[in-house]
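Trainee: Could you walk me through reading a protein–DNA contact surface? I would like the general idea and then the case at hand.

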Protein chains: 2
Amino acid sequence: MTRKEKQRLEYLAQTFKALSHPARLWIVEFILDGERCVHELVEGLDLNFSTVSQHLSVLKQAGIIEDDKRGKNVYYRIKADCMKTLIGCLEEGIRKSRYEDGIT
Amino acid sequence: MTRKEKQRLEYLAQTFKALSHPARLWIVEFILDGERCVHELVEGLDLNFSTVSQHLSVLKQAGIIEDDKRGKNVYYRIKADCMKTLIGCLEEGIRKSRYEDGIT
DNA sequence: TTAATGTTTTGTTATATTGCAAAATGACGA
DNA sequence: TCGTCATTTTGCAATATAACAAAACATTAA
């Protein structure tokens with residue numbers, strides 16, 4: 001494996017990792033419809049401000065969302081427009097895979 | 001958030017988590033072309049047998065791969081046929097998102 | 001300038017993940 | 001049956017992640 005190939009996998013893995021927490025997935029799906037500010041996310045998630053802020057920073061660092069400070073508020077929105085497709089694709093694919101097992 | 005909705009997110013997150021490690025992504029991409037037995041994966045990854053075995057069990061539990069014991073060997077192959085699309089979609093989407101930043 | 005509001009950062013604790021080595025299992029061949 | 005080969009499981013140490021509370025920051029309002 002070349003160094004470049006290794007880097008590619010590490011980068012991909014990091015992006016998947018950013019999506020590997022229920023709260024972060026909730027955030028991503030919630031802002032698919034349009035930007036939201038932090039306190040709306042805190043409300044919806046019922047988590048501490050600091051916790052939500054950290055989740056947001058993980059998603060931001062992964063290039064999945066971006067923020068926009070306006071006045072006192074910080075608004076977050078989707079940056080990687082593949083998210084809707086991505087989540088739908090995985091959900092459907094896994095649903096089918098489970099169906100084959102007769103689980104659902 | 002309903003209990004069912006919570007479960008859906010947890011399940012999705014778990015699947016993303018299974019894909020959030022470079023070694024596991026390498027395995028998934030490696031067997032996209034066809035099944036492989038464990039020692040081939042160990043060779044390609046340059047990791048301990050026990051380590052590779054654990055990565056395989058994570059992927060299997062997530063419903064991403066499945067195994068087939070034949071003789072002394074255990075062969076692994078892709079079970080969730082969305083994997084190629086999924087990885088390609090994320091890779092492309094993130095590449096674009098980074099391009100906008102002028103990183104690449 | 002001060003106070004209040006919205007958000008991020010830091011410190012801490014609990015839990016989860018990763019990787020290896022060694023032991024255990026399972027299947028085949030002698 | 002016994003040994004060997006391929007793989008998995010277990011036990012352990014190191015590191016990473018998650019959550020909260022408290023402190024720090026930044027922006028607007030008074």
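Mentor: Gladly, and we can start with a base: an N or O atom in the side chain of B:Gln54 is 3.4 Å from a base nitrogen of DNA strand C. A polar contact is a pair of N or O atoms within 3.5 Å. The model is predicted, so local features need pLDDT of at least 70 and side-chain atom pairs count only at pLDDT 80 or more, while totals for chains, interfaces and linings use all residues. Side-chain values use heavy atoms, without hydrogens and water.

Trainee: Which group of DNA strand C does B:His55 approach with a polar side-chain atom?

Mentor: A phosphate oxygen, at 2.6 Å. For A:Asn73, a polar side-chain atom lies 3.1 Å from a sugar or linking oxygen of that strand.

Trainee: Which elements give two or more residues to the surface near DNA strand C?

Mentor: From chain A, helix 3 (38-45), helix 4 (49-61) and strand 3 (73-78); from chain B, helix 4 (49-61). Helices (H or I, at least four residues) and strands (E, at least two) are DSSP runs, numbered from the N terminus.

Trainee: How many residues surround DNA strand C?

Mentor: Near means that a heavy atom of the residue lies within 4 Å. Here 21 residues surround the strand, and A:His39, A:Ser50, A:Ser53, A:Tyr76 and B:His55 are the closest.

Trainee: What share of the strand's atoms within 4 Å of the protein belongs to sugar or phosphate?

Mentor: 73%, with the rest belonging to bases.

Trainee: And what is the pattern of chain A along the sequence?

Mentor: Chain A reads α-α-β-α-α-β-β-α, with 5 helices and 3 strands.

Conventions: Residues are numbered from 1 along each chain as its sequence is written. Chains are lettered from A and ligands numbered from 1 in the order in which they are written. A polar contact is a pair of N or O atoms within 3.5 Å; within protein, one must be able to donate a hydrogen and the other to accept it, and residues adjacent in sequence count only if both atoms are side-chain atoms.
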